[in-house]
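The exercises below concern charged side chains and their pairings, and each task is followed by a solution worked out in steps. Please keep the sequence and the structure in view while reading.

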Amino acid sequence: MKKRSSVRFGLLAVMIAVLMISFTLFNAGASTIPEDEISAIVNTQTDASQVTSPFIQVANQVRDSVVGVNNYTTSTYYSYFGYGYGGRQSEERESLSGTGSGVVISKYGHVLTNYHVVEDASRLTITIANDESEQEAMLVGYDEELDLAILHVQGLDLDPVPLGDSDQLQVGEWAIVIGNPLGEEFARTLTVGVVSAIDRQVTDTTLDRYGRRTSITNSMIQVDAAINSGNSGGGMFNTLGQLQGVPARKYSSSGLYSASIENIGMCIPINVAKPLIEEVLRSYNTDAKTPSSNNGDTQAAIDSPLHGKPRLGITGVSVPSTTQNRLPLGSLVKKVDAGSPAEEGGILPGDIIVEVDGEITSSMTALTNKLGSYKEGDTIKIKVFRDTNLANQIDSEYIDLSKIGEGEYIDLQVTLRVVDDLNM
């Protein structure tokens, strides 16, 4: 038994020796990759000037003209102290309510964005590329129904983008979207898609500037480029670098849509925004370098001494808050005095006065305060909401909202005068 074990051990030793000799011979004959070949694989360069793309050209041309827009709101916070009949003190605090995007459209510092980006702001600022500071911005024009707004930034040193002609858009052409999705962390993000459809009719239910619930249908451009929260107000460009649309919304699988939804975004055509842009530019005072006021006549009336108390000649009440937004907030005219400025100006019983010289008057108190700033002989612009079904109910204790129709807003002119025996 010992002899067999010795033989087996000897054979195993011989086999190990043979394997070791074979491994040594294999390594002795192996070679490595030459250093110059490794260097050729790893140490490469790219000539950026040789890389061509219409998107690169557009990015270089307009990307820095897309800014961030910051919406700050102020809230009142109360703190209580003491026991029983203790006191209460209030403190105003400002907080960042939301962020969006905007595009520089004039060398004078005008920035186009969405109205919903700046809505209800107590203060607005913008941020620009490679600058952590914020610059103060002023709201100088807006159209709530179109969801458009224009800001002015004093001393803004950014090139304006060229405006395109959105009536010439073609389905299938490139749509280049630039904006700040999710805020400054992803500032000046560029996404690319195509124009999926034009003249897409989009209906929204919203409150108008006077607090009345209404349905608004706007024509929009559908694109499949990625649009996310924060892109609102940015730019949708063509391959010429022209601003063709303002990204305003995206569809998602939540809410009314239970089906899976991908890449359906909507942009406001730039041609829709051009009348507002033109209006703001015409009112800009290039000498003063600040936006001119549209309330010059009103301010003059405020500064002038009042001679007597001019009257409209109406009796009215504030629209009750129980109308569930079916009616605008304002002053419901219950009676119009015969021979009064109101009657001569076309105001009728049942009208709701919502605006005077461009200033919203959402209650009788607001209307009274506004009228107190004028003098006899001033001609003022008054906007009223009129619905014949409302006029038929002015003597009722309660307004039957089911009978309220669409109604309409009407612009009137009234020349005030002092008449002692008239009402307001």
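**Salt bridges in a predicted model**

E278 has a relative accessibility of 41% and counts as partly exposed, in a model that is predicted.

**Exercise 1.** Determine which residue forms a salt bridge with E278, and where the two residues lie.

Solution. The partner is R282, with the closest N and O atoms 2.7 Å apart, a distance that satisfies the criterion of within 4 Å. Both residues belong to helix α5 (residues 270–282), where four residues, about one turn of the helix, separate them. As for accessibility, R282 has a relative accessible area of 68% and is therefore exposed, since the cut-off for that class is over 50%.

**Exercise 2.** Identify the parts of the chain that are tied together by the salt bridge between E344 and R417.

Solution. The side chains of these two residues, E344 and R417, meet at 3.2 Å, N to O. Because E344 lies in helix α7 (residues 341–345) and R417 in the segment after β20 (408–415), the pair ties together parts that are 73 residues apart in sequence. E344 is exposed at 56% relative accessible area, whereas R417, at 26%, is partly exposed.

**Exercise 3.** Describe the salt bridge of E136 with R123, and name the network to which these residues belong.

Solution. The closest N and O atoms of E136 and R123 are 2.6 Å apart. This pair links distant parts of the chain, with E136 in strand β5 (residues 135–143) and R123 in strand β4 (residues 123–127), 13 residues apart. Both are partly exposed, E136 at 46% and R123 at 26%. Finally, a network of salt bridges links E94, R123 and E136.

Conventions. Residues numbered from 1 in each chain as written. Predicted model: local features only at pLDDT ≥ 70, side-chain atom pairs only at ≥ 80, totals over all residues. Heavy atoms only, no water. Buried < 20%, exposed > 50% of the residue type's maximum accessible area, 1.4 Å probe, protein only.
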